[in-house]
Amino acid sequence: MPMERTLIIVKPDGVQRGLTGEIIRRFEARGLRIIGMKFMQVSTELAEKHYAIHRERPFFAGLVKYITSSPVVVMALEGTNAIAAARGTIGSTKPHEAAAGTIRGDFALEVGRNLVHGSDSVENGQIEVGNFFTEAELHPGWSRNTDPWIFE
Ligand code: DAT
Ligand code: MG
């Protein structure tokens, strides 16, 4: 089964609320392999690029302000079906509708404070990882001794 890549962002509210470790833990426990991770401040330019698809939406300005308001932790994760698996772990966009057991369903209430980002397609996973990480910051070649117990 082909490996997919997803960009995960622990958004400013996640970092401020001390949920960074809990959020990373859930993706790690799911079996996704970390190939890049860093603590950073998102610039307005990068935020506008990342959320370009939402440029015309009324919430765009607030979204850019939110993601640039305080540092974030970004991760590039790899795995079979990584896109769908990570989206499942994250939960629905509107946290009050998110299932219990998901990150948003367990820790968030409002769409503008929904704690975490995950890429929504294989193509966007590749693009978004490239927007946030240089090649030198990624380590796609490493493997875990547990990989055969996670990937068939
Ligand atoms: P997701 O983050 O689940 O991929 P999305 O890509 O549709 O959701 O939207 C990106 C972010 O934009 C989302 O995390 C929160 C914000 N957003 C989306 N829909 C919104 C809405 N109707 N009102 C306010 N903010 C919204
Ligand atoms: Mg999205």
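A polar contact is taken here as a pair of N or O atoms within 3.5 Å. With that cut-off in hand, the ligand site of this predicted model is a good place to begin. A polar side-chain atom of Arg104 lies 3.0 Å from an oxygen atom of ligand 1, so this pair falls within the 3.5 Å limit and counts as a polar contact. Arg87 likewise places a polar side-chain atom 2.8 Å from a ligand 1 oxygen, and for His54 the corresponding distance is 3.2 Å. Taken alone, ligand 1 exposes 510 Å², of which the protein buries 76%.

The wider surroundings of ligand 1 also include Lys11, Tyr51, Phe59, Leu63, Thr93, Val111 and Asn114. By class, the shell around the ligand is made up of four nonpolar, three polar and three charged residues. The space that ligand 1 takes is the largest pocket.

Turning from the pocket to enclosed space, the structure holds one cavity of 30 Å³ or more. The largest cavity contains about 30 Å³ of space, and its lining consists of Arg87, Ile90, Gly91, Arg104, Val116, His117 and Gly118. Two elements, α5 (82-90) and β4 (116-118), each give two or more residues to this lining. The largest share, three residues, comes from β4. Sorted by class, the cavity lining has two nonpolar, three polar and two charged residues.

Two arginines link these descriptions: Arg87 and Arg104 are found in the shell around ligand 1 and also in the lining of the largest cavity.

Note on methods. Residues numbered from 1 in each chain as written. Chains lettered and ligands numbered in written order. Predicted model: local features only at pLDDT ≥ 70, side-chain atom pairs only at ≥ 80, totals over all residues. Heavy atoms only, no water. Near = heavy atom within 4 Å. Polar contact = N/O pair within 3.5 Å; in protein donor to acceptor, adjacent residues only side chain to side chain. Areas by Shrake-Rupley, 256 points an atom, 1.4 Å probe, with all protein chains shown as cover. 1 Å grid on protein atoms, 1.4 Å probe; cavity = no way out; pocket = protein on both sides within 12 Å on 5 of 7 lines; lining within 4 Å. Sits in = over half its atoms within 2 Å of the grid points. Nonpolar A, V, L, I, M, F, W, Y, C, P; charged D, E, K, R; others polar. Points joined across faces, edges and corners; volume = space filled by probe spheres on them. Helix = DSSP H or I, 4+ residues; strand = E, 2+ residues; numbered from the N terminus.
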